[in-house]
Amino acid sequence: MKTYFIDEQQQLPLVIEPDGDKSAEGLKEYIRKNHKELLDKMYKHGAILFRGFDISSPKVFEEISVLIDPNLKNDYLGTSPRDKVAGTDYVFSASELPGFYPIPQHCEMSYMKNKPIKLFFYCNVEPEYGGETPICNFRKVYNELDSEVKREFEKRGLKLIRNYSAPGKRSKFNLWELKSWPDIFHTTDKEEVEKQFRKYEVDFAWKENGDLRLTHTNDAVVEHPITREKVWFNHTQVFNIDAASIEYEFIHQRQKRLKTFMMKWFLNVATKLKKRGTSPEEQSMNMLFADGTEIPNKYIRNIEETIWKNMVIFPWKKNDLLAIDNLGTSHGRLPYEGKRQIMVCWSEE
Ligand SMILES: [Fe+2]
């Protein structure tokens, strides 16, 4: 096998390519024989990209992922709309969110009690324009954050808020609006939904108007269970009300199109209006400090700057399989146009 880094400076991701046999069976054999060494490399560098192999279907993708980690899971209580891929037990579409939506860097489900320990992405159809899945070393992000930001987040912890509207009450004019709660939890039975929250230990409250609020209180920084390094392990840059507008500034710097300029401008204005009309706790999604106080805008900017400085962006190639150590390395999605089919599966402890 040939190995190299896509980004030498970040040492991320480690690419493994065939130097002869590129069959899926050959790759499976290689993984079986070198399993421990592969896991050590994944923890050290954060991600491994298997490129150039005949990973010819979602089913083969699943078979290879399960060899790397046998504990694949298929319960999903996150916020991104996902569809299960036919013919597999554990593979989902990565996100059904519209292509212009930014998905900022995050470690998958960092706010849940049971979080994925490894993530596997698969490129079934290469994006026509954009649509990369950038990754970032969140241990490095922690180290390079402004010391005041680091101190405040470590001391104060975080509260994630998600407000889901009641059936039929969803606004068409709120960009941040999540699905209504029956749409996301696939039932209108409140008791059934509550059972799921109890199982996953999610705090919930029904509001008088039928809306549902979920909250998660977490540390902002955790220790990596294997390498013992501190990791920036939270969704502030995804859920904080100021984050999307700042994220689009960076997206525009990269993609430099009229569309991204318009989105940047629009999000800037929309965020200001949204904050004026709705309290921090009533936003569709928001990240606050654990005591309910707002996170200063300059902190969000410092986090975004540090992430974008360390992010590795590379185009997908058909049949790529990207295996990520979710406890130390984040992923996201850049806006795209045209066809794109990226699939995902994940493992838990
Ligand atoms: Fe994700």
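**Close-up views of a predicted model**

**View 1. Donor spacing at the iron ion.** Along the chain, the donors of the iron ion are spaced H-x1-E-x222-H. His106 belongs to strand 6 (residues 103-106) and His331 to strand 17 (residues 329-333), so the two histidines tie together parts 225 residues apart in sequence. Three residues coordinate the ion: His106 through NE2, Glu108 through OE and His331 through NE2. The coordination distances run from 2.1 to 2.2 Å. His106 and His331 are both buried. The model shown here and in the other views is predicted.

**View 2. A tilted aromatic pair between two helices.** Twelve aromatic pairs turn up in a search of the whole structure. One of them joins Phe153 and Tyr299 in a tilted arrangement. The ring centres are 6.3 Å apart, with 50° between the planes. Phe153 sits in helix 5 (residues 147-156) and Tyr299 in helix 11 (residues 297-310). The pair thus links distant parts of the chain, 146 residues apart. Phe153 and Tyr299 are buried.

**View 3. An edge-to-face pair, Phe185 and Phe197.** Here the planes meet at 85°, and the centres lie 5.2 Å apart. Phe185 comes from helix 6 (residues 181-185). Phe197 comes from helix 7 (residues 190-200), twelve residues away from Phe185 in the chain. Both Phe185 and Phe197 are buried.

**View 4. An aromatic cluster of four residues.** Phe153 and Tyr299 return in this view, now with Trp232 and Phe289. Together these residues form one aromatic cluster.

**View 5. Charged side chains over aromatic rings.** Two residue pairs are shown, Lys190 with Trp206 and Arg340 with Tyr336. Lys190 lies over the face of Trp206, 4.6 Å from the ring centre. Arg340 places its charged end over the ring of Tyr336, at 5.3 Å from the centre of that ring.

**View 6. A nonpolar patch on the surface.** The patch is made up of Leu258, Phe261, Met262, Trp265, Phe266, Val269 and Leu273. Together they offer about 730 Å² of accessible area. Trp265, one of the patch residues, is part of helix 10 (residues 258-277). Its relative accessibility is 53%. Trp265 therefore counts as exposed, since the cut-off for that class is over 50%.

Terms used: Residues are numbered from 1 along each chain as its sequence is written. This is a predicted model: local features need pLDDT of at least 70, side-chain atom pairs count only at pLDDT 80 or more; totals for chains, interfaces and linings use all residues. Side-chain values use heavy atoms; hydrogens and water are left out. Donors are N, O and S atoms within 2.8 Å of the metal (3.2 Å for Na, K and Ca); water is not among the atoms, so sites may look incomplete. Helices (H or I, at least four residues) and strands (E, at least two) are DSSP runs, numbered from the N terminus. Buried means under 20% relative accessible area, exposed over 50%, partly exposed in between (1.4 Å probe, protein chains only). Rings of Phe, Tyr and Trp (its six-membered ring) pair if their centres lie within 6.5 Å; planes under 30 degrees apart count as stacked, over 60 as edge-to-face and the rest as tilted. A charge sits over a ring if NZ of Lys or CZ of Arg is within 6 Å of the ring centre and within 35 degrees of the ring normal. Patches are made of residues with over 30% relative accessible area and no salt bridge: like charges are joined within 9 Å, nonpolar side chains (Val, Leu, Ile, Met, Phe, Trp, Tyr) within 5 Å. Accessible areas come from the Shrake-Rupley method with a 1.4 Å probe; for residues, only the protein chains shown count as cover. A salt bridge is a side-chain nitrogen of Lys or Arg within 4 Å of a carboxyl oxygen of Asp or Glu.
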